[in-house]
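Colleague: Could you take me closely through one part of this model, the open sheet and what packs on it? Please state the cut-offs as you go.

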Amino acid sequence: MRLALIGCGGIAGAHVRALEDLWNRGVRDLEVVATCDVVLERARERAGELTKFQKKQPRAFASLAELLASGLEIDAADICSLHSEHHTLALPCLQAGLHVHLEKPLAITLRAGQRILDAAVAAQRVLAVGENYRRSAHERATHWAIHQGRIGQPRLFFWQDVGEGLGKWGWRNFKHAAGGGWMLDGGVHFADLFRYHLGGEAREVYALTRHFEPYRYDSPKERQGAYRVDVEDAALALVRFDDEVVVQWTWAGSAPGQGFNKRVLYGSEGCLDWESGWHGRDGAQLSRDELLAEYLKSLGKEEEEQLFPGGTRDAIAIELKDFADAVRLGRVPEVDGEGGFKAQAICMGVFESGWCGRPLSLQEVERGEASGYQDPLDKALGLI
Ligand SMILES: NC(=O)c1ccc[n+]([C@@H]2O[C@H](COP(=O)([O-])OP(=O)(O)OC[C@H]3O[C@@H](n4cnc5c(N)ncnc54)[C@H](O)[C@@H]3O)[C@@H](O)[C@H]2O)c1
C-alpha cells in the first residue's frame, strides 16, 4: 500500500519507527511514498528516516494540496497532525479517493468528526482511527481475562490519574487547536479502553470540569515565563455503561503535593488492577506479567500472527498493519471511524456535562443536542 505520511511531528516519528519495525520483520505491506508537513524541513527529515530502510525515498511536500495535485500514485494517507487539522486533512484525502488512517482523536469536535464519517461513507473508503493503547500485549491480556470471566460480571471501573503539570505543551494548551486538555488528548485512549474492555457502550455521563490554573510556565517551579491557557486542568466524571457498569474517571493536572494513579476494574468475582494484576475474591492472585504469560500461551499461531504481526509488540505497527489488511481484504479495521467517534463522544460528553452542569445521555451528545462547549470551536472552524 502506497502511503502518504501527513503531519511529520512527534507521533509521526513513532509511526516511522513502527513501519521500520514491520519492515525489518519482513512485514512489508506498507511503503511511504510521500511525506507532508507545513514545515517542509520536518517532511524532509521523516523522508530521510524512511529512505534508510525502505531504500526508496518518499517525496516531501509542504502542503496536502500540492501533494494531491502532484500526480503521485497514492493509496492511503496516515494523518498525524494536531487535532484542529484532522478534518481539514482527512476530508480532501477521502474525497481524492484515499483510504485514511487518522491519529486519535477522530476530530477536534463531534461535528468535525461526523463530517469525516460522512466523507468516508460517500467515498467508500476505509477509515481507521489510531487507537494503539488497546493493542499493547498487557491490554490484550486484560481484555482476555475479563472475557474469560476471571472477575465475573464487571461492576465498577476506577480510572484515576491525579497530579500536577504546569509546564507549557504547545498547541495542546489551547482549545482552538486541541479541542480540550488531557481529558481528550490522553482521555480518548482511555475512553476507547473502557469500550474495549467492557464490551458495551457508554449511555450517560455526569462530570465536573475545572480550570484552576490559568497559566502554564517555562519554569513551573518558579512560575516564570507564563502564557495563559484555556483547556481544563481537572475533570471528575461518572460514566454509566451498558449493564449498569459505572466508570469513575478522574484526571487532574492541578493537584500539587502527592499525586496518585489508580486503575482498577471490579467485577462480581474479583478485580483487575492495572498495577498489581488479577485478584480473585478467594485471595488468589496473578501479577500482570503472569496474566500476560497465560494469555500468550492461550493463543493459536494464526491468532498470534494477527495480533502481533511478525512478532512485533509495537502497538502502532500493529494498528498500521491492521489498517493495511482492512484495505487489502475490504474489511472493517478494528477501530473504524464509528469506534473513534464513540470514544471521542465520551470525552466530549465530559466537557459538555461540565459546561451545562447536568448529566447527559450519550445520545444527546452524539446527536449534537448538547454542544455548548463545542459550539464556539465549530463556529471558529466554520462548521456551523
Ligand atoms: N497514539 C498516541 O499514542 C499518540 C501520541 C502522541 C500524539 N498523538 C496524536 O498525534 C497527533 C499529532 O500529535 P504530535 O504530538 O505528533 O504533534 P506535533 O505538534 O509534534 O506534530 C504535528 C505536526 O503536524 C504538522 N501540521 C500542522 N498542520 C498541518 C497541515 N495542515 N498539513 C500538514 N502538516 C501539518 C505540524 O507542523 C507538526 O509537524 C495528534 O492527533 C495527537 O493526539 C497520538
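**The open sheet**

Modeller: In strand β14, G270 stands opposite G280 of β15; strands here are DSSP runs of E with at least two residues, helices are runs of H or I with at least four, and both are numbered from the N terminus. This is a predicted model, in which local features need pLDDT of at least 70, side-chain atom pairs count only at pLDDT 80 or more, and totals for chains, interfaces and linings use all residues. Residues are numbered from 1 along each chain as its sequence is written.

Strands β14 (residues 270–273) and β15 (residues 277–280) run antiparallel and are joined by 4 bridges; two strands pair if DSSP finds at least two bridges between them. Both belong to an open sheet of 9 strands with mixed pairing, in the order β16-β15-β14-β13-β7-β12-β11-β8-β17. The edges are β16 (285–286) and β17 (360–361), each with a single partner strand, so one side of each has no neighbour in the sheet.

Two helices may be added to this picture. Helix α9 (residues 187–198) lies across β7 (154–162), β11 (234–241), β12 (246–252) and β13 (260–267), and runs at about 165° to β7. Helix α13 (residues 337–356) packs on the sheet as well, touching β8 (202–210), β11 and β17, and its direction makes about 55° with that of β8. Contact requires C-beta atoms, placed from the backbone, to lie within 7 Å. The angles run from 0 to 180 degrees between N-to-C directions, with axes as lines fitted to C-alpha atoms, for helices over the stretch in contact.
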